[in-house]
Amino acid sequence: MQKSKVILIKGKKLLSDNQLNRRIILLMLQKALSLLYECNDFRDALIQLFRPSDRVGIKINTIAGRRLSTNPLISLSLANLLTQIGIREENIVIWDRTNEELRRAGYRLNYGRRGIKIFGTDTRGINYEYELTIHKNIGSRLSKIQSKLVNKSISLAILKDHGIAGLTGVMKNYFGAIHNPNKYHDSNCNPYVAELYEIDLIKNKNKLSILDGIIVQYHRGPSYHAEWAEKCGCFILSTDPVAADFIGWQFIEKLRKKRGLPTLEEERRKPYYLFTAEKMGLGKASLDEIQLIEYEV
Amino acid sequence: MRKISRRDFLKTVGGVSLAVSTMPSGFLVDLYALSPSAKLSQVEAWFYKKLPDKEVKCELCPRYCKLGDRERGYCGARENRNGTYYTLVYGKVCAAHIDPIEKKPFFHFLPGTTAFSIATAGCNVNCKFCQNWQISQVRPEQVENVDLPPRDVVRYALRYRCPTIAYTYTEPVIFYEYMYDTSVEASKRGIRNVVVTGAHINPEPMRKLTKVVDAIKIDLKAFSEDFYKEYVRGELKPVLEAIKIVKESGKWLEIVYLVIPTLNDSPEEIRKMSKWIMKEIGPDVPIHFSRFHPMYLIKNLPPTPVSTLERARNIALEEGINYVYIGNVPGHKAESTYCPNCKKVVIKRFAYQILEKNLKKGKCKFCGYPIPGIWS
């Protein structure tokens, strides 16, 4: 059986004086895409996932404020790469739950006709679907951005420890695409994270999964705590969301071990939903079935 | 059901636009301000502990949500902000009606009167058969709220001559502080307070609440932990504890049991529950067996057959419970109250209407047998 490929890419000079270097971000994303599809030009990789006529949503994570949210430089750089295969700027939406959270994370909202759109589900005229999407244990109203506005999506999530789920990554990022995520935090968010992702409007649209590991909160997440946040300057990228999250989890465990912290399993919050997701056929959650490629630019 | 006039409501909300609509049964939002971005409240919550690293632990309900900064509890109505826990729904009303008290249902509490009934968004459980999920299973910012501070609630109740304020529709536990303060304010003006709750609450807040309200109706959703885990996403044990606390407090208590075909309707379960009621709270607490209608996440089951409700009622009567009703079946004879002594009709009802009242100073008019309740 074919292994899932996951790229772990680091940027040497990504951060200087706590400022992100846009050029390095672009280089990292380009190289990661090239490695993912074993091609020389990142555009050849992107064209296998998207068409110029696509309307692409980039679901970011802005819940934790400016210090631990998807930096605008990253999401905008990614959007820029999409435009290079002919996707029109106005057909790209960078989004999350609320406009307030987006603003707090440093985004300038754009609902206009021109340019890359940036707004939250709570934007007037957007909102959540009125009808519930019911799937297994999930009964939720989906953000219309995910259900209607876009036909393809990218989960661009922050790699973080999570006090209940163990890990919050690309799959759990879609908790921000429903109206009632608070209802799915029982039993380590298992099986909810996997079952939500399995919904057609999410699973079939999500073409690329990226974990932002520039600053990794490896303990006391998902909110920001400087004491347990480490500047790692990396991205984890895959077309298999389960595999990306699995590698993200291993990454967090390494950081925890380095700091002498117990494993997530010892703290009874191992991300069990990854194994549920694997059983459901959503991706791979085992090192034996993942081809991990590490690279530094 | 009477609606608050647009003009009156506009006065209260200070000119905010308002749409008043009557929704089909089950969807009770009747009072809107057209301002989806209206601010939520930031009133410090009660019953929580501050933890290191700006975390908090909510102790209001048996979930004990442990939350980091900017995280919300399971209810969606309380949020940790920088290590302080806030209720976001204090005075933020998403539904208001003037309802017959029988609709709650209270059958032994001021029959034939109305209750000014309010709710805020959110709930601390997630019943798969919820009738009001559009307002209970959402976050407060996802519905349109109006500002209705406690004194305004009381003012409305007085204006519309409602002797009671009912905290209902969603789950009042999640707007505990607002309900408590409003109850205190209402009591000062001679208005009574009733709570319609699933009682998924911890003992301390429940005890405190019983001190300021007059009656509590508890939805006992089944008599098995498995059902609570699977269909309610909660626990049965704390609910039973809460029922005992209300009974001990001396405040008026009624129980509703929504009978769902195949899920909680077995004669064994009904008998077990009836025996528990007899043993723990006695024969005089009214119990209502209500008819289920397909709703929310359970749409694959039929409405409860009337025969199933009658079977449940017979079991409860056999076990010795005196006041056993059948709900959501308008015109059924078990909507009426019968004297346990002479078996005559003490209060005759049709749906929410009182057709006949044969009570004299809380006693059966025919035989003088005392009928428990709050009658005046």
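User: What covers the buried residues of α3 in chain B?

Analyst: A word on the basis: this is a predicted model, where local features need pLDDT of at least 70 and side-chain atom pairs count only at pLDDT 80 or more, while totals for chains, interfaces and linings use all residues. Cover is judged here by contact, meaning that the C-beta atoms of two residues, placed from the backbone, lie within 7 Å. Helices (DSSP H or I, at least four residues) and strands (E, at least two) are DSSP runs numbered from the N terminus. On those terms, the cover of the buried residues of α3(B) includes chain B elements β11 (114-119), β13 (164-167) and α4 (176-188).

User: Which residues of α3(B) are buried?

Analyst: Residues are numbered from 1 along each chain as its sequence is written, with chains lettered from A and ligands numbered from 1 in the order in which they are written. A residue is buried if 20 or more other C-beta atoms lie within 10 Å of its own, exposed if 12 or fewer, and partly exposed in between, with C-beta atoms placed from the backbone. In helix α3 of chain B, residues 150-159, the buried ones are B:Val153, B:Val154, B:Tyr156 and B:Ala157.

User: Within what arc do the buried residues of α3(B) fall?

Analyst: The arc is taken from the directions running from the helix axis to the C-beta atoms. Looking down the axis of α3(B), its buried residues line one face of the helix, because they fall within an arc of 160°.

User: Which residues touch the most other members of the largest nonpolar core?

Analyst: A nonpolar core is a set of buried Ala, Val, Leu, Ile, Met, Phe, Trp, Tyr and Cys residues joined through C-beta atoms within 7 Å. The largest one has 108 residues, and strand β16 (residues 252-259) of chain B gives the largest share, 7 residues. The members touching the most others are B:Ile118, B:Ala157, B:Ile165, B:Ile218, B:Ala242 and B:Ile287.

User: Why does this core lie between the two domains of chain B?

Analyst: Domain bounds come from an automatic or database domain assignment, which splits chain B into domain 1 (43-87) and domain 2 (92-335). The core lies between them because residues are given to it by both domain 1 and domain 2.

User: How many residues does another core have, apart from this one?

Analyst: Among the members of that other core are A:Val56, A:Val150, A:Ile199 and A:Val242. It lies apart from the largest core, and its residues number 93.

User: How far apart are the C-alpha centres of the two domains of chain B?

Analyst: The pair in question is domain 1 (43-87) and domain 2 (92-335) of chain B. Their C-alpha centres lie apart by 25 Å.

User: How do the residues on the domain 1 side of that contact divide?

Analyst: The contact takes 14 residues from domain 1 of chain B and 19 residues from domain 2 of chain B. For the classes, Ala, Val, Leu, Ile, Met, Phe, Trp, Tyr, Cys and Pro count as nonpolar, Asp, Glu, Lys and Arg as charged, and the others, Gly among them, as polar. The side of domain 1 that touches domain 2 in chain B divides into 10 nonpolar, 2 polar and 2 charged.

User: By class, what does the side of chain A that touches chain B have?

Analyst: Between the chains, 18 residues of chain A are in contact with 19 residues of chain B. The chain A side has 5 nonpolar, 8 polar and 5 charged residues.

User: Does B:Lys361 count as buried or exposed?

Analyst: B:Lys361 sits in the loop between β22 (359-360) and β23 (363-364) of chain B. Its phi is positive, about 50°, although it is not a glycine. Because B:Lys361 has 9 C-beta neighbours inside 10 Å, it counts as exposed.

User: Which residue is joined to A:Asn190 by a cis peptide bond?

Analyst: The omega of this bond is about 10°. The partner lies in the loop between β10 (166-168) and α6 (192-198) of chain A, and the residue joined to A:Asn190 is A:Pro191.

User: In β13(A), what is the bridge partner of A:Ser4?

Analyst: Two strands pair if DSSP finds at least two bridges between them. Strand β1 (residues 4-10) of chain A, with 5 of its 7 residues buried, pairs with β13 (residues 290-296) of chain A in the parallel sense over 7 bridges. In β13(A), the bridge partner of A:Ser4 is A:Ile290.
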